[in-house]
Amino acid sequence: MKRSLLVFLSAIPWLVGFSGAAGAQDKYPSRPIIFVVGFSAGGSSDIFARFIADYAKRTRAATVVVENRLGLAGAIAVDRIAKSAPDGYTLGMGSISSLWVLPQVQQVSYQPLRELDYLGKMFTQPLPLYVLADSPFKSYEDVLSYARANPGQFRWGTSGSRGIAEILMASGFQHAKVDTVTVPYKAGVEANGALLGGHIEAGASTDFGPLLQAGKVRLLVETGPVRIPGQPNVPTFKELNYPLSVEVFYGIVGPANLPGEVIQWWDSLLAEVVKTKEYAELCEKISALPAYQDSAGFKQFVARGYADLGKALAMQSTTPK
């Protein structure tokens, strides 16, 4: 009996050490985090995701692997996130299209208010209609005049079928009572390629920044409610009294029921990120506006905006054409 007790007592330090090692090993994150992006490499979401991955590695020694899952204006990526294990190792980017619009206008296989957790709203972006810098269309009114005189001849590209760009711009043209042709692409960079190649007359996308900075495009109208910095002559849909004008936002989401430890880790990381000079420079690079909200704030924002947009879409569908 004494011998057994001595053996047990002598083992206590080893057991405590093992327990501590196991706890340290299990501390989040203990393995690579998959970060799913629903848009192509080089787009705003992808650039931001890779910035976050680099920052997490430099400051937390965490490995974040960006995975591009294109299609359905980001909904395919969000579905992958929603269906993953709620352990914090599969996260990604959500946007107005995948979180607010698509679940209300067509069938998707996830419920954004029930099957997702929200880790942080990160930035908003203008979503303008733009043409090549040497285009004969000098203003939005030029486009409307041409479309009235040439029904079905004005072609404009978007970053995905039934995404926010298509819905907002189509709503604007509908309100102006003109007949145009929407050409959906898999990503904004593809729409931009078609514009540069002369296959379409205009683009409507958040991925206009690099082209604008290079002097290759002219912005004509902003679909959102706020004027674009540095573009004093570009009107907004809100100023034109159009019925649908909302801000385009991007944020980090995960599957529902994430552990508190995961949410706290990301709250800490993101609150630190948005105070850096690099974050401000990144927003400028992708023509974005800083708009950080923590996990709790982002969740409330999504729920409120989802309901408001649903009402606006319902009013639009019942308005006589």
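1. Let's start with two helices in this predicted model. Helices α2 and α10 are roughly antiparallel to each other, because angles over 145 degrees count as roughly antiparallel and their axes cross at roughly 170 degrees. In your viewer, look for α2 at residues 44–60 and α10 at residues 277–285; their axes come within 11 Å. The crossing of α2 past α10 is right-handed.

2. Which residues of α2 and α10 meet? On the α2 side they are Ile-47, Phe-48 and Phe-51, and on the α10 side Glu-278, Tyr-279 and Leu-282. Sorted by class, this contact has 5 nonpolar residues, 1 charged residue and no polar ones.

3. Now turn to the sheet. It is open, has 6 strands with mixed pairing, and follows the order β2-β1-β3-β10-β4-β11. At its edges sit β2 (64–68) and β11 (289–293), each of which pairs on one side only. From one strand to the next, the twist averages 25 degrees.

4. For a good example of pairing, find β1 (residues 33–37) and β3 (residues 90–95). These two strands pair in the parallel sense, over 3 bridges. Try picking out Val-36: its bridge partner in β3 is Gly-92.

5. Finally, see how helices meet the sheet. Helix α3 (residues 75–82) lies across β1, β2, β3, β4 (116–125) and β10 (248–255), and runs at about 145 degrees to β3. Our earlier helix α10 packs on the sheet too, where it touches β4 and β11. The direction of α10 makes about 125 degrees with that of β11. Helix α10 therefore has contacts with α2 as well as with the sheet.

How values were computed:
Residues numbered from 1 in each chain as written. Predicted model: local features only at pLDDT ≥ 70, side-chain atom pairs only at ≥ 80, totals over all residues. Heavy atoms only, no water. Axes fitted to C-alpha atoms, helices over the stretch in contact; angles between N-to-C directions. Helix = DSSP H or I, 4+ residues; strand = E, 2+ residues; numbered from the N terminus. Parallel < 35°, antiparallel > 145°, perpendicular 65-115°, else oblique. Left-handed = near helix turned anticlockwise from the far one by under 90°. Contact = heavy atoms within 4.5 Å. Nonpolar A, V, L, I, M, F, W, Y, C, P; charged D, E, K, R; others polar. Pairing = 2+ DSSP bridges.
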